[in-house]
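Let's go through this one together, question by question. Have a look at the chain and its ligand first.

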Amino acid sequence: MSQIETLPMPYAQSLVPTGLSAENLYEKCVALARNLWWSWHAEVINLFRDLDPIRWRQLDHNPIALLAEFTPERLEMRAAELVLYSRINQAYRRLKEYVSETPHWGRTHAGVLGSKPVAYFSLEFGVHESVPIYSGGLGVLSGDHIKSASGLGVPLVAIGLFYDQGYFKQHLDINGWQHEEYLDTKVENLPMEPALGLDRKPITVTIDTRSGKLLAKVWLMRVGRVNLYLLDCDVPSNSPEDRELTSRLYGGDNRTRIRQELVAGVGGVRALKALGISPGVYHLNEGHSSFATLEACRERMKDDGMSFDAALRDVAQHTVFTTHTPVPAGHDRFDKNLIEEHLGPLRDELGISLDQLMGIGRVEPQNDHESFCMTVLGLKLSRRANAVSNLHGHISRRMWAHLWPWRVEEEIPIGHITNGVHIQSWLAWQMQQLYDRYFPADWMQRMGEPEVWQTIHEIDPGELWETHYAMKNLLLAFVRRRVSRQCRRRGESDEAVEAARNILDPNVLTIGFGRRFATYKRAALVLTDPDWLSEIVGDRQRPLQIVFAGKAHPADEPGKQIIQRIANLRHDPRFAGRIAFVEDYDINVCRHMIQGVDVWLNNPRRPLEASGTSGQKAVLNGALNLSILDGWWAEACDGTNGFAIGKGTAHVDDRITDERDGRALQKVLTEEVIPLYYDRDIDGLPRHWIKRMMNSISSLAWRFSADRMVADYVRHAYLRAAGGESCEMNIK
Ligand SMILES: *Cc1c(COP(=O)(O)O)cnc(C)c1O
C-alpha cells in the first residue's frame, strides 16, 4: 500500500484537499476511511458494509480496521464481484469536492472569520462509534457541532484529548450488575495522523508545573472540512503515570482531572500556536477547558506586550462560553494546592499572585474558603456565555446571579442557544430515501428552513408508516441479536439464549429509553408501580414493550442498582419477552433505538436536563417524544407533536416530585399514548398517530438541528466575539 500523501496544514491551507491524491481503488477507499466525512454519508457506509458485512459489524463499523484486512488485490476482486467501481469512484470524487469547496452559507455568513477561525474546545467528541473518545450527550453534541460547522462552511478547528482507552465497555453479569471493561484502541485503526507544525515536524507541547513538565503530542483527525486536534500524553518523556493521564475519560481523581484540563486548555492553545493557527474566537464547550483563557492571556502579554488586565479584557472579548450543568455540584472545582501546583508557572508569567488567580475562579474573590471553579473562570473570562435551552438559560441565570449581585436576574449575561442534532448523522437511510422522494430536490442544503419540512404532510400516511415499520423491525432484530449474545456471554442456558432470539413483537407499541443512567434521569420511573406496569405490558389487546439501554458512571452505585433492577425484569414472567436491556449504550445503539422505536421516553427530574438531544434524533425518524417538560422539550412540545409528562413543575422534595411524575407518566400512557397508537382505521393504520408523527417532524426537525444551532452560534456569538466587540467586563 502506498502512503497517502499528507502535508502540514496551517489553517489557511487546510481547505485544500491534501491527503487526497489516490490513484487506485484501494487508495481511494483508504482516503474515504481517513476522513470521518464518510460517517454521515449513507452511500459510503453502505459501500464499506458491502465489502464484508459480517466483519463490518464485528469491527464496530471501523473502515480502517476493515481495509487493513484486505490486500489491494482482494479489494479489487471484491469490487469486481459487487460492481463497486463506480460507487467507490463517485464517493471519492464527492469527498474531494466536499473538502475543496466553501459552501455558500459559510462564505456569506461566516466569511469574516476567514483565516482567524473559531477554536472549539471540548473534552469529548462523539463523531462515530468507531472513535470512542466520548461518554455521552456532551461528546455527541460536540461531534454534531463540528459536523454542522463543516457542512455550513464555518471556519472552525476543534481541540480535545485523545483517550486511548476511551470510555468503558459495559457488560452485565448474571445478577444484572454492571462491569466495566477498558479496551486499548489501536491508533493505527483510527483516522488520525500526527499534526505537523509550521516546521513540518510532529508537534509536542510542553506545560510546566511546580511538580515537573507535562508533555503531550498532537493528533489530527479530519471531520469533513474541520480539523480536530487531539492531545495525547502517551509520550516517552512523560513519567509512566503521566503517560496514562489521557487514557480514560472521567477515569481519575481530582488531580487527574485538573491535569487533563490543563493539557486540553493550556496545551490546546499552545498546539494551535505551533500549528500556526491564530483563532479569532475561543469557544469553550463546558468549563472543562477554561484554562485555555489563561494561556491565551499569556500569549497576548508575550506577543503583543499587553498588561495582564488588558490581556484579560482582550481574551474575554474573543471568548464564547457554553455551560451545560444546571446543578452547582456538577461543576469542576479545584483547591488552592492543586491550582498552585499546576498553574503556578503560568501564574508567574502572568505576573499575578496566587490569591489573584484564585479570585478569578471564585464567586467571591476574597473568600479563602472557596475553591477554584472552572465554570466561574469560564463565565468571567468570556463576554458571551450561553446555556443550552431556554429553560436552562433561566436556571443558569438564577444559579449564577450571585456572580453579578449588582444586576437583576434578567440582566445576568447568560443567554441560551438550544442544542440541536446533525441531521445526516441521525436520520435513517430509509427515511432519507422517503424524504428524497417528496421533499424539494435541494432539501439537504436547506434543512434549516421550516418550509422544507412542511412537505412531510404530503407524504402518503401508509408509506410513512411502512417505512417506520421497516425500521422498527431492524431495531427488533438488532435487540434480539444483542440480547441473545449477552445471554451467551453470561453463560446462560441454551433455552435462555433461544428465548432471547424471540423477544419483542413488531406489532406492539414500543418505547425506547436510552441514555446515561445518572440518577436524575430516573430510568426506573415507569416502574413506580410494577403491578400497574405488568398489566399494561401484558394487556391482550393493547400491549406495550420497552427497550432500555444505558451506562452508569463506574463510581455510581445507585445508577448501577437501577440498571440491575431493570435488567432483572426479564426473569419476571410478567415482563419476559417484553422488556429488554441492551448492554453497552453508544452511538450505534442510540442510532438503532431512535430510528426504530414508536415512542422515545425521557423522564428526568426537572430542571436537571439542561437540554437533552436524543429526543431530537428520534424526531427525525418519526418517533414521538414522551417526556417531562424539561430541557429542549419544554420549548418544543406544543400538544400536537408528542406527549408531555406532567405540567412542568417540581416539588422541593424529590420524593414527592418522583411520586407525582410517576403517576403523571402512568396517566399519559393509559389515557393518551396507548389509545392513540392502537386506534386503527380499516387499513390497520393509526391515522391520528401518523398525523402526530408528521406534526413532530414538520415542527421540530429544523428547529432542533445542529445546522440551526451552529448558525445561531455564528450569528449571536462568533461574529461579535471575532469582532472583539467591546462591552462591559464580566469580572470586577
Ligand atoms: C445523543 C446521545 C446521548 C444524549 O442523550 P440524552 O438523552 O440527551 O442524554 C447520549 N449518549 C449517546 C451515545 C448519544 O448518541
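A polar contact here means a pair of N or O atoms within 3.5 Å; within protein, one must be able to donate a hydrogen and the other to accept it, and residues adjacent in sequence count only if both atoms are side-chain atoms. This is a predicted model, where local features need pLDDT of at least 70, side-chain atom pairs count only at pLDDT 80 or more, and totals for chains, interfaces and linings use all residues. Residues are numbered from 1 along each chain as its sequence is written, and side-chain values use heavy atoms, with hydrogens and water left out.

Q: How far is a polar side-chain atom of Lys521 from an oxygen atom of the ligand?
A: Lys521 is among the residues that come nearest to the ligand. Its contact runs from a polar side-chain atom to a ligand oxygen. The distance is 2.6 Å.

Q: Which residue puts a polar backbone atom 2.6 Å from an oxygen atom of the ligand?
A: Arg515 has an N or O atom of its side chain 3.2 Å from a ligand oxygen, so to speak a side-chain case by the definition of a polar contact. The backbone contact at 2.6 Å belongs to Thr613.

Q: How much of the ligand does the protein bury?
A: Accessible areas come from the Shrake-Rupley method with a 1.4 Å probe, and for residues only the protein chains shown count as cover. Taken alone, the ligand exposes 390 Å². The protein buries 96% of that.

Q: Which elements give two or more residues to the shell around the ligand?
A: A residue is near the ligand if one of its heavy atoms lies within 4 Å of it. Helices (H or I, at least four residues) and strands (E, at least two) are DSSP runs, numbered from the N terminus. The elements in question are α8 (137-152), α24 (587-596) and α25 (614-620).

Q: Which domains give at least three residues each to the shell around the ligand?
A: Domain bounds come from an automatic or database domain assignment. The two that qualify are domain 2 (112-388) and domain 3 (423-702).

Q: Is Cys297 buried or exposed?
A: Buried means under 20% relative accessible area, exposed over 50%, and partly exposed in between (1.4 Å probe, protein chains only). Cys297 has 0% relative accessibility, so it counts as buried.

Q: Where does Pro607 sit, the residue after the cis peptide bond from Arg606?
A: Most peptide bonds are trans. The bond from Arg606 to Pro607 is cis, with omega near 0 degrees. Pro607 is in the loop between β18 (599-602) and α25.

Q: What is the phi of Glu286?
A: Most residues other than glycine have a negative phi. Glu286 lies in the loop between β9 (281-285) and α11 (291-304), and at 6% relative accessibility it counts as buried. Although Glu286 is not a glycine, its phi is positive, at about 80 degrees.

Q: Where is His61, and is it buried or exposed?
A: His61 is in the loop between α3 (53-58) and α4 (63-68). Its phi is near 60 degrees, a positive value in a residue other than glycine. At 13% relative accessibility, His61 counts as buried.

Q: How far apart in space are His422 and Leu700, C-alpha to C-alpha?
A: His422 is in the loop between β14 (414-416) and α17 (423-426). His422 and Leu700 are 278 residues apart in sequence. In space, their C-alpha atoms are separated by 13 Å.
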